[in-house]
Amino acid sequence: MKLKTSPLSPFVVFCLLSAAGLSYAQSAPSTATCPTLPAAAMSELQWVVMQTDNALLCRAISNDSGKEAFAVTLSKKSPFKPDGNLRAEQGQIEGKKLWWYRSEISGRPSALLRETLVKLDSGRVVHVFIRTEDANTLTRYQQVVQALD
């Protein structure tokens with residue numbers, strides 16, 4: 001049985017983290033920057049950045065379509081709670097093993113969604129959200145995310 005969820009868009013997650021204010025204070029210092037895109041992705045993607053004292057949201061936007069390829073949020077805590085029943089693919093970011101988790105959007109059965117959460121040595125977490133319509137693009141974006149520096 002598949003669970004139907006309605007994942008929060010990265011912008012909504014960012015707003016929730018921002019509104020949480022005091023409980024996440026100083027989790028993403030003003031010097032935080034988005035990770036460096038791999039050289040192979042630099043010609044097709046660019047970062048659009050939103051930052052508060054609570055979180056840094058990095059949205060990878062396609063230069064061709066203007067659509068979001070994926071979003072990376074760096075914060076002290078994340079509202080995303082991985083569900084082991086929804087594990088899809090394994091991966092790795094900066095040497096840390098991870099699982100990509102399936103998700104669904106009601107009314108959009110063709111949408112492919114993946115999320116992951118990685119805890120950094122600094123105590124912060126990185127939440128990644130990918131939404132696309134085809135498996136090849138999903139795999140490509142997962143590879144780009146896993147190659148972020």
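**Notebook: strands, helix α2, disulfide and core**

I began with the hairpin at one end of the sheet, where β4 and β5 pair in the antiparallel sense over 6 bridges. I took strands, and helices too, as DSSP runs (E, at least two residues, for strands; H or I, at least four, for helices), numbered from the N terminus. I counted two strands as paired if DSSP finds at least two bridges between them.

The model is predicted, so I note the terms of use: local features need pLDDT of at least 70, side-chain atom pairs count only at pLDDT 80 or more, and totals for chains, interfaces and linings use all residues. Residues are numbered from 1 along each chain as its sequence is written, and side-chain values use heavy atoms, with hydrogens and water left out.

**Confidence**

I looked up pLDDT, the predictor's confidence in each residue, from 0 to 100. The mean for the protein is 82, and 79% of its residues reach 70 or more. Over residues 1-29 the pLDDT is below 50, yet this stretch has 63 contacts in the model beyond near neighbours in sequence. Contact here means heavy atoms within 4.5 Å.

**Hairpin of β4 and β5**

I checked the register and found that Gln92 has Lys97 in β5 as its bridge partner. The hairpin has 2 residues between the strands. Glu94 is found in this loop, between β4 (87-93) and β5 (96-103). Its phi is near 50 degrees, a positive value in a residue other than glycine. I noted this angle because most residues other than glycine have a negative phi. Glu94 is exposed, at a relative accessible area of 57%. For accessibility I used these classes: buried under 20% relative accessible area, exposed over 50%, partly exposed in between (1.4 Å probe, protein chains only).

**The whole sheet**

I then traced the strand order of the open sheet, which has 7 strands: β1-β2-β3-β7-β6-β5-β4, with antiparallel pairing. β1 (45-51) and β4 stand at the edges with a single partner strand each, so one side of each has no neighbour in the sheet. The twist averages 20 degrees from one strand to the next. Axes are lines fitted to C-alpha atoms, for helices over the stretch in contact, and angles run from 0 to 180 degrees between N-to-C directions.

Going through the pairs, I found 7 antiparallel bridges between β1 and β2, and a hairpin with 3 residues between these strands. In β2, Ala60 is the bridge partner of Trp47. β2 and β3 also pair in the antiparallel sense, over 7 bridges, and Ile61 has Glu68 in β3 as its bridge partner. The hairpin of β2 and β3 has 5 residues between the strands, and Gly66 takes a positive phi near 80 degrees there. Of the 8 residues of β2, 7 are buried, so this strand is largely enclosed by the rest of the structure.

On the other side of β3 in the order, β7 (residues 125-132) is joined to β6 (residues 112-119) by 8 bridges, and the two run antiparallel. Leu113 is bridged to Arg131 in β7.

**Helix α2**

α2 packs on the sheet, touching β1, β3 (68-75), β4, β5, β6 and β7, and its direction makes about 160 degrees with that of β7. I picked Leu138, which is in α2 (residues 135-146). Leu138 is buried, with a relative accessible area of 4%. Leaving aside neighbours within four places in sequence, Leu138 contacts Leu112, Arg114, Ile130 and Thr132. Arg114 is 24 residues from Leu138 in sequence and 8.2 Å away, C-alpha to C-alpha.

**Core**

I defined a nonpolar core as a set of buried Ala, Val, Leu, Ile, Met, Phe, Trp, Tyr and Cys residues joined through side-chain atoms within 4.5 Å. The largest has 25 residues, of which Leu45, Trp47, Phe70, Val72, Ile130 and Val145 touch the most other members. β1, β2, β3, β5, β7 and α2 each supply at least two residues of this core. Not counting residues up to four places away in sequence, Val145 touches Phe70, Ile93, Trp100, Val128 and Ile130.

**Disulfide**

I searched for disulfides, meaning a pair of cysteine sulfur atoms within 2.5 Å, and the structure holds 1. Cys34 is joined to Cys58, S to S 2.1 Å. Cys34 lies in the loop between α1 (10-19) and β1, and Cys58 in β2 (residues 55-62), so the pair ties together parts that are 24 residues apart in sequence. The torsion about the S-S bond is about -100 degrees, so the disulfide is left-handed. Cys34 counts as buried at 15% relative accessibility, and Cys58 is buried at 2%.
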